[in-house]
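Biologist: I am new to this structure and would like to understand how each label is earned. Could we go through the reasoning step by step?

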Amino acid sequence: MLSAFGALAVTSLSSWPASAAPTIHVVKTSGCGCCVAWIDYLRENGFEVTSEDMPNGALVKRKMDLGISSDMASCHTAEADGYAIEGHVPAADIERLLRERPDAVGLAVPGMPYGSPGMGPETEREAYIVFLIRKDGTTEAFSSYPAA
């Protein structure tokens, strides 16, 4: 199963024409370096990204309003075409979500796993799972990344 997900992980948006580039809006707290690194990573992978800083309390409220539970939370939250994207989700998974359009809240990488996009070199990656958050609050594995 991991090999199928690994194949998805190498999908790149960089070949998309500029007019078709997916847009994503990121909300984060001010001064978070890993959030900025994830934004840069998304841009390198063909996304058009806007961002805004907000106080931590407002950010937590935004997460809750979008249907992201505390056990799925990370440092930043994004929205792309009606979906919530929580944490350091790889670009290939966001692209797959937007292509497949499941009936869901969105995707989450809880916490801040080392080696996930924006969190250090992938060559030193910790194993982590990208979760699909269903509208009823349940979650399931959307993809997984083994330790490097």
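Modeller: Helices and strands here are DSSP runs, numbered from the N terminus, a helix having at least four residues and a strand at least two. Please keep in mind throughout that this is a predicted model. With those names in hand, arginine 125 can be placed in the loop between β5 (104–109) and β6 (128–134).

Biologist: Why is arginine 125 called buried?

Modeller: The word applies under 20% relative accessible area, and arginine 125 has 13% relative accessibility, so this residue counts as buried. Leaving aside neighbours within four places in sequence, arginine 125 is in contact with residues including Tyr114, Gly115 and Tyr145.

Biologist: What makes the pairing of arginine 125 and glutamate 122 a polar contact?

Modeller: The cut-off for such a pair of N or O atoms is 3.5 Å, and the side chains of arginine 125 and glutamate 122 are joined at 2.8 Å. A polar atom of the arginine 125 side chain also lies 2.7 Å from the backbone oxygen of proline 146.

Biologist: How do you know that cysteine 75 and cysteine 34 do not form a disulfide?

Modeller: A disulfide needs the two sulfur atoms within 2.5 Å, whereas the sulfur of cysteine 75 is 3.5 Å from that of cysteine 34, its closest cysteine sulfur, and is therefore too far for a bond. A search of the whole structure likewise finds zero disulfides. Cysteine 75 is nevertheless called buried because its relative accessible area is 14%, and cysteine 32 is buried as well, with 15%.

Biologist: Lysine 28 is found in strand β1; is lysine 28 buried or exposed?

Modeller: Exposed would require over 50% and buried under 20%; lysine 28 has 6% relative accessibility, so it counts as buried. Among the residues in contact with lysine 28, beyond its neighbours within four places in sequence, are Cys35, Val36, Glu52 and His76.

Biologist: Which residues of the largest nonpolar core touch the most other members?

Modeller: They are Ile24, Ile85 and Ile94, out of 24 residues in that core. At least two core residues come from each of several elements, among them β1 (23–28), α2 (33–44) and β7 (139–145), while α4 supplies the largest share, four residues. Isoleucine 24 itself touches Trp38, Leu42, Phe47 and Ile85, among others, not counting residues up to four places away in sequence. Apart from this core lies another, of seven residues, including Ala84, Val105, Ala108 and Phe131.

Technical notes: Residues are numbered from 1 along each chain as its sequence is written. This is a predicted model: local features need pLDDT of at least 70, side-chain atom pairs count only at pLDDT 80 or more; totals for chains, interfaces and linings use all residues. Side-chain values use heavy atoms; hydrogens and water are left out. Buried means under 20% relative accessible area, exposed over 50%, partly exposed in between (1.4 Å probe, protein chains only). A polar contact is a pair of N or O atoms within 3.5 Å; within protein, one must be able to donate a hydrogen and the other to accept it, and residues adjacent in sequence count only if both atoms are side-chain atoms. Contact means heavy atoms within 4.5 Å. A nonpolar core is a set of buried Ala, Val, Leu, Ile, Met, Phe, Trp, Tyr and Cys residues joined through side-chain atoms within 4.5 Å.
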